[in-house]
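Visitor: I would like to learn how to read a model like this one, feature by feature. Could you take me through it, giving the general idea before the particular case?

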Amino acid sequence: MIDIHCHILPGVDDGSADMKESLNMSRKAVEAGITHIFATPHHLNEKFVNVKSDIIDRAARLNESLHQNNIPLTIHLGQEVRIHQDIFTSLEKEEILTLDDKGTYLLLELPSGRVPTYTLEVIYELQLKGITPIIVHPERNKELFENHKLLFELVQEGALTQLTSGSIIGNFGKNIQSFSKKIIEHNLAHFIATDAHNIGSRGFTLQQAYETITKVHGIERTFHFKENAEQLIKGKRLFIERPVPFKKKILGIF
Ligand code: FE
């Protein structure tokens, strides 16, 4: 399996603390059936700054260590960029790293409590530069939870989304789990990833999430998500279904 969002690089953010932990995480990922991981450290999120050149160096070192330790896992390049007024300046300065450095997909994080007013504009401007933003864990954003229609609008505008495996299996509570289900039902999710930070509470639950998706939504849906991650690695076209708008609330029922 392919994991497109993971904090596995040593000592760069709130994920792995050092190379030993990164190797432990890698072993756990392999045990969980994962073969490819995009290392996506936080960038511009008020706490962490991790620019493209640093990530490239560190990912190369981790790949080398994996090889030396006979761990069958490949680390790909990535970055989790917090939506920010300076995102285009950072892009001009070559600090932004798209997935696999191909210039086509970028993991974009919203602040957890809200959706900034300039979000639609950033989504639009990124696409003008040939970059499709993948909004990470929209199911954990408070404003989107309260206003589902806004998520539909972001996807209509061309953004893709990635749900976190832990959300799907209920690790973040019932509300986030049921919102994840709704997002999938309305064709507003395109990838599932672990967003793993460690081997404990934020670990590699990708397989469990796919099992839940198969049970709740059918196996076709699981194939769909897995295929999208494969297509992304191969640099091929993704399978994107038409988003379904949320119905207006009638008598308090969606
Ligand atoms: Fe993350």
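Guide: Let us begin with the sheet, bearing in mind that the model is predicted. Strands of a sheet pair through backbone hydrogen bonds, either parallel or antiparallel. Here an open sheet is built from 6 strands in the order 3-5-6-7-8-9, and their pairing is parallel.

Visitor: Which strands stand at the edges of the sheet?

Guide: Strand 3 (42-43) and strand 9 hold those places, and because each has a single partner strand, one side of each is left without a neighbour in the sheet. For a pairing inside the order, take strand 7 (residues 132-136) and strand 8 (residues 160-164), which are joined in the parallel sense over 3 bridges, with I134 standing opposite L160 of strand 8.

Visitor: Turning to the metal, which residues are the protein donors of the iron ion?

Guide: A metal site is read from its donor atoms, then from the angles among them. The iron ion has as protein donors H5 (NE2), H7 (NE2), E80 (OE) and D195 (OD), at 2.1 to 2.2 Å, and along the chain these follow the spacing H-x1-H-x72-E-x114-D. Of these donors, H7, in the loop between strand 1 (2-6) and helix 1 (19-31), and D195, in the loop between strand 9 (191-193) and helix 9 (206-217), link distant parts of the chain, 188 residues apart. The angles among the 4 donor atoms run from 80 to 162 degrees, and the site is classed as irregular.

Visitor: Are H7 and D195 buried or exposed?

Guide: The cut-off for buried is under 20% relative accessible area, so H7 counts as buried at 1%, and D195 likewise counts as buried at 2%.

Visitor: How many salt bridges does a search of the whole structure find?

Guide: The search finds 11, and each is best read together with the location and accessibility of its partners. E146 and K142 meet through their side chains at 3.5 Å, N to O; both belong to helix 5 (residues 142-146), 4 residues apart, about one turn of the helix, and E146 is exposed, with a relative accessible area of 56%. E241 and R221 form another salt bridge, their closest N and O atoms being 3.3 Å apart. Because E241 lies in the segment after helix 10 (219-234) and R221 in helix 10, this pair ties together parts that are 20 residues apart in sequence. E241 counts as partly exposed at 35% relative accessibility, whereas R221 counts as buried at 16%.

Visitor: Which residues are joined into one network by salt bridges that share partners?

Guide: They are K52, E94 and D101.

Key. Residues are numbered from 1 along each chain as its sequence is written. This is a predicted model: local features need pLDDT of at least 70, side-chain atom pairs count only at pLDDT 80 or more; totals for chains, interfaces and linings use all residues. Side-chain values use heavy atoms; hydrogens and water are left out. Donors are N, O and S atoms within 2.8 Å of the metal (3.2 Å for Na, K and Ca); water is not among the atoms, so sites may look incomplete. Four donors count as tetrahedral if all angles lie between 85 and 135 degrees; four count as square planar and six as octahedral if opposite donors are over 155 degrees apart and all others between 65 and 115; anything else is irregular. Helices (H or I, at least four residues) and strands (E, at least two) are DSSP runs, numbered from the N terminus. Buried means under 20% relative accessible area, exposed over 50%, partly exposed in between (1.4 Å probe, protein chains only). Two strands pair if DSSP finds at least two bridges between them. A salt bridge is a side-chain nitrogen of Lys or Arg within 4 Å of a carboxyl oxygen of Asp or Glu.
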